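Colleague: I've got a new model open on my screen and I'd like to talk it through with you. Can we take it one question at a time?

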Amino acid sequence: METSDESLARAAAGGDRHAFTLLLERHYDRVFRLAFRLTGAAAEAEDLTQDVCAALPSRLQGFRGEARFGTWLWRVVVNAAHDRRRKAATRARHAEGWGDWEVNRRAVQDEVAEAVDWLTQAMRALPEELRDTLALVLDDLSHDEAAEVLGVAPGTVSWRISEAKKRLRAQREKEDQA
């Protein structure tokens, strides 16, 4: 019989390296996929995934088992993505006025963004709460599970998905007309 994620999390929190390894084996790919959807860039997603995995041993101390381990882990990933966005915004504000260096840095970012598929680009244009909600649902979480991760009502998740679809459809139509 397979050991539950929750049991492995409790064992890993107690220092069981084998349990921690099993948790990573089970969830690493899904953490990366969610990180990619949240960041829109493979390199950023790799960095975010590594940050989450590196912090996970100490974060497991806070796992109380009130939610499924997967739901708890998605919340950790979403919070880490929010932290990265805030830090990036702060860096961008501080970098304003750096002249050619900043222009070149942004040009490289633009080239990378152009290489990303349409959906990922379109998701980056969505407001943060719509993007986060859509990323979770695209990662096969139910509306109830996504609601638990985001700390909102399931109806809010449904509305956000509907709003995201509407905005993405409008964006596609606008691009097709151009």
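**A chat about the model**

Modeller: Sure, and let's start inside: the largest cavity holds about 40 Å³ of space. Keep in mind that this is a predicted model.

Colleague: How many cavities of 30 Å³ or more does a search of the whole structure find?

Modeller: The search covers the whole structure and takes in cavities of 30 Å³ or more. The largest cavity, at about 40 Å³, is therefore above that cut-off. The final count is one.

Colleague: Which element gives the largest share of the lining of the largest cavity?

Modeller: Look at the lining residues, which include Leu23, His27, Val52 and Phe69. Three elements give two or more residues each: α2 (17-39), α3 (42-59) and α4 (69-95). With five residues, the largest share comes from α2.

Colleague: And how many of the lining residues are nonpolar?

Modeller: Among the residues around the cavity are Leu24, Tyr28, Val31, Cys53, Leu56 and Leu73. No charged residue is in the lining, and one is polar. The nonpolar count is nine.

Colleague: Is Arg85 buried or exposed?

Modeller: First, find Arg85 in helix α4. Beyond its neighbours within four places in sequence, Arg85 is in contact with Leu38, Glu128, Arg131 and Asp132. Buried means under 20% relative accessible area. Arg85 has 18% relative accessibility, so the label is buried.

Colleague: At what angle do helix α6 and helix α7 pack?

Modeller: Helix α6 runs over residues 118-125 and helix α7 over residues 128-138, with their axes 9 Å apart. On the α6 side, Leu119, Met123 and Arg124 meet Arg131, Leu134, Ala135 and Leu138 of α7. By class, this contact has five nonpolar, no polar and two charged residues. The packing angle is about 145°.

Colleague: Now zoom out: how many helices and how many strands are there in the protein?

Modeller: Read along the sequence, the pattern goes α-α-α-α-α-α-α-α-α. The C-alpha trace spans about 55 × 40 × 25 Å along its principal axes. The tally is nine helices and zero strands.

Colleague: Last one: what percentage of the residues count as buried?

Modeller: The protein has 178 residues, and exposes about 10,600 Å², with carbon and sulfur atoms supplying 51% of that area. Among contacts with a separation of 6 or more, 60% come from residues 24 or more positions apart. The buried share of the residues is 35%.

Terms used
Residues are numbered from 1 along each chain as its sequence is written. This is a predicted model: local features need pLDDT of at least 70, side-chain atom pairs count only at pLDDT 80 or more; totals for chains, interfaces and linings use all residues. Side-chain values use heavy atoms; hydrogens and water are left out. On a 1 Å grid over the protein atoms alone, a cavity is a set of points where a 1.4 Å probe fits but cannot get out, and a pocket is an open set with protein on both sides within 12 Å along at least five of seven lines; lining residues have an atom within 4 Å of a point. Grid points are joined across faces, edges and corners, and a volume is the space filled by probe spheres set on the points. Helices (H or I, at least four residues) and strands (E, at least two) are DSSP runs, numbered from the N terminus. Ala, Val, Leu, Ile, Met, Phe, Trp, Tyr, Cys and Pro count as nonpolar, Asp, Glu, Lys and Arg as charged, and the others, Gly among them, as polar. Axes are lines fitted to C-alpha atoms, for helices over the stretch in contact, and angles run from 0 to 180 degrees between N-to-C directions. Contact means heavy atoms within 4.5 Å. Buried means under 20% relative accessible area, exposed over 50%, partly exposed in between (1.4 Å probe, protein chains only). Accessible areas come from the Shrake-Rupley method with a 1.4 Å probe; for residues, only the protein chains shown count as cover.
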